Amino acid sequence: MRELADLARKSVHPRYRLAPLVERGAAFHYGNMPSLIRSEVERLFRSGKIRFLVCTSTLIEGVNLSCRTIVLRGPRKGIGHPMEAHDFWNLAGRAGRWGDEFQGNIICIDPHNAQAWPHGVPERARFPIKRESDAVIEHGDSLADYLDRRAATDLADFEDPNEFEQVASYLLATFLRQGSILQSGLAKRHNPATIERLEASLANIAAQIAMGPDIAARHPGVSALGMQRLLDAFRNYKGDVENLLPAAVDSQDSYDRFVTIMRRINQYLFPAFTPDTIIPLHALIVVQWLKGFSLSRMIERNINYHRRTGRSFKLPVLIRSTMELVEQIARFRAPQYLSAYVDILSMHLVAIGREDLIDGDVDIGTQLEFGVSSRTLLSLIELGLSRMSAVALYEKIARDDLNKEDCIAWVRERDTQFEGMDIPVIILREIRAKLLPEGSAGAATSTS
């Protein structure tokens with residue numbers, strides 16, 4: 001418990017509220033937490049050392065945790081969306097520790113409060129497992145209408161393109177690859193009239209796309225129509241083609257170039273970085289993430305910015321919002337759309353005979369997903385370290401050119417010195433487990 005509290009204070013913020021809670025046997029859990037902290041919370045909860053856990057709907061999204069009693073009041077999935085019956089009973093199914101107890105307790109607070117439970121407490125029933133694509137197609141003509149508008153309307157005119165974009169992109173990629181969706185597996189599960197309408201809409205879009213199906217397959221969830229429009233924008237660009245490229249993250253141009261690229265993505269590919277007024281913030285987070293900044297450093301810089309500009313803030317909210325920006329922008333949207341951007345740009349560079357501008361090193365999507373731009377940081381993550389541990393060790397190594405073997409040698413040579421480096425015990429344990437041969441780990445083996 002003390003070790004997790006120490007990790008929270010050093011790796012997030014000295015006043016991160018998780019720290020004093022875990023020292024008292026309680027904790028909270030949500031999706032945007034750093035993975036090392038989240039997994040340690042789960043481990044301590046499973047072992048019974050954390051007795052009370054307050055959580056979001058992350059427990060129904062792949063986190064396998066059980067408990068004796070679940071207490072709910074107005075459960076939501078996401079922001080403002082009442083939890084549907086199948087998710088409610090999925091969550092309720094965590095009550096009762098398999099192998100330890102025969103039953104669990106589900107306590108619903110204020111079950112007659114219409115504001116907390118707008119649809120009442122869900123009744124138990126069997127719920128079929130349904131693919132997301134099937135659920136969207138079952139909307140009837142709505143998806144086909146979206147495809148028709150997508151082919152002819154500016155993205156800025158859509159109120160909520162997120163509702164259909166992912167499934168529309170998947171269907172379009174399928175159509176480009178197979179030449180039709182009429183013989184696909186999903187066609188057999190839906191009304192033939194609906195499939196025929198979708199087929200006509202997809203055929204209309206496909207006629208506007210000159211790229212092969214391979215590039216659409218490499219970027220699932222990104223519309224091939226959007227990629228075609230981005231390619232057309234590159235072809236029509238009148239400036240120096242080098243200005244279209246992302247700048248090296250340690251250059252002075254890096255931040256401004258990311259701002260411009262994000263706006264270009266919003267205009268031609270998809271409005272992924274919205275609203276437009278906070279694109280500079282998104283670009284700043286991406287640059288800091290790629291530079292290998294620790295989460296605690298990013299949070300501290302955000303605090304200093306608010307103080308310097310006289311902006312009011314609540315520390316817990318600012319910590320959570322910084323974590324959300326890292327997860328949702330730096331690790332999700334930026335890798336997805338910047339990878340497509342760079343791929344399309346590389347296609348254009350080949351076509352105009354400027355292959356010399358293509359960077360054949362680490363893919364930008366990989367760099368963003370893991371938050372690395374140096375060889376040393378990438379080596380540490382390739383060795384299996386979480387980013388939190390990799391950054392903590394990278395700050396001690398203070399070199400950018402180490403491969404995996406060099407990193408292991410560096411750790412082995414300094415194994416006996418780690419206790420004096422002020423590295424949190426949980427991070428030190430992970431470093432030794434991943435980088436040192438079995439049986440050679442030194443101290444830091446406590447599990448409290």
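Q: In this predicted model, which residue of S2 stands opposite Phe28?
A: The model is a predicted one. Phe28 belongs to strand S1, residues 26-29. S1 is joined by four bridges to strand S2, residues 52-55, and the two run parallel. The residue of S2 that stands opposite Phe28 is Val54.

Q: Are the side chains of strand S1 buried or exposed?
A: Ala26 and Phe28 point one way from S1, and Ala27 and His29 point the other way. In a regular strand the side chains alternate between the two faces of the sheet. For S1 the state of the side chains pointing either way is given by one word: all are buried.

Q: Which side chains of strand S3 point to the buried face?
A: The side chains alternate along S3, residues 69-72. Thr69 and Val71 point to one face and are not buried. Those that point to the other face and are buried are Ile70 and Leu72.

Q: Which residue in S4 stands opposite Leu72?
A: Leu72 is one of the buried side chains of S3. Four bridges join S3 to strand S4, residues 105-108, and these strands run parallel. Opposite Leu72 in S4 stands Cys108.

Q: How many residues apart are Arg429 and Glu3?
A: A search of the whole structure finds 23 salt bridges. In one of them the side chains of Arg429 and Glu3 meet, at 2.6 Å from N to O. This pair links distant parts of the chain, with Arg429 in helix H19 (residues 425-435) and Glu3 in helix H1 (residues 2-11). Their separation along the chain is 426 residues.

Q: Is Glu3 buried or exposed?
A: The relative accessible area of Glu3 is 10%. The cut-off for a buried residue is under 20%. Glu3 is therefore classed as buried.

Q: Which helices are linked by the pair Arg218 and Asp343?
A: Arg218 forms a salt bridge with Asp343, and the closest N and O atoms are 2.9 Å apart. The two residues are 125 residues apart, so the pair links distant parts of the chain. Arg218 is partly exposed, at a relative accessible area of 49%. Arg218 lies in H9 (residues 213-218) and Asp343 in the other helix, H14.

Q: Where does Asp276, the partner of Arg263, lie?
A: The side chains of Arg263 and Asp276 meet in a salt bridge of 3.4 Å, N to O. Arg263 is in helix H11 (residues 254-269), 13 residues away from Asp276. Arg263 is partly exposed at 37% relative accessibility, and Asp276 is also partly exposed, at 42%. Asp276 lies in the loop between H11 and helix H12.

Q: Which residues does a cis peptide bond join in the loop between H11 and H12?
A: Most peptide bonds are trans. Here omega is about -10°, and the bond is cis. Pro275, one of the two residues, is found in the loop between H11 and H12. The bond joins Thr274 and Pro275.

Q: Which arginine of the positive surface patch is found in helix H14?
A: Arg15, Arg17, Arg307 and Arg320 gather in a patch of positive charge on the surface. Helix H14 covers residues 315-351. One of the four counts as partly exposed at 42% relative accessibility and is found in that helix: Arg320.

Q: What accessible area does the nonpolar surface patch have?
A: The patch is formed by Tyr255, Ile278, Leu281 and Leu284. Leu284 lies in helix H12 and is partly exposed, with a relative accessible area of 36%. Together the residues of the patch have about 280 Å².

Q: Where is Asp422, a residue with a positive phi, found?
A: Most residues other than glycine have a negative phi. Asp422 is not a glycine, yet its phi is positive, about 60°. Asp422 is exposed because its relative accessible area is 54%, and the cut-off is over 50%. Asp422 is found in the loop between H18 and H19.

Q: What is the relative accessible area of Ala398?
A: Ala398 has a positive phi, near 60°, and is a residue other than glycine. Its place is in the loop between helix H17 (387-397) and helix H18 (404-413). Ala398 is exposed, and its relative accessible area is 60%.

Notes. Residues are numbered from 1 along each chain as its sequence is written. This is a predicted model: local features need pLDDT of at least 70, side-chain atom pairs count only at pLDDT 80 or more; totals for chains, interfaces and linings use all residues. Side-chain values use heavy atoms; hydrogens and water are left out. Patches are made of residues with over 30% relative accessible area and no salt bridge: like charges are joined within 9 Å, nonpolar side chains (Val, Leu, Ile, Met, Phe, Trp, Tyr) within 5 Å. Accessible areas come from the Shrake-Rupley method with a 1.4 Å probe; for residues, only the protein chains shown count as cover. A salt bridge is a side-chain nitrogen of Lys or Arg within 4 Å of a carboxyl oxygen of Asp or Glu. Lys and Arg count as positive and Asp and Glu as negative; His and the chain ends are not counted. The place of a charge is taken as NZ of Lys, CZ of Arg, CG of Asp or CD of Glu. Buried means under 20% relative accessible area, exposed over 50%, partly exposed in between (1.4 Å probe, protein chains only). Two strands pair if DSSP finds at least two bridges between them.
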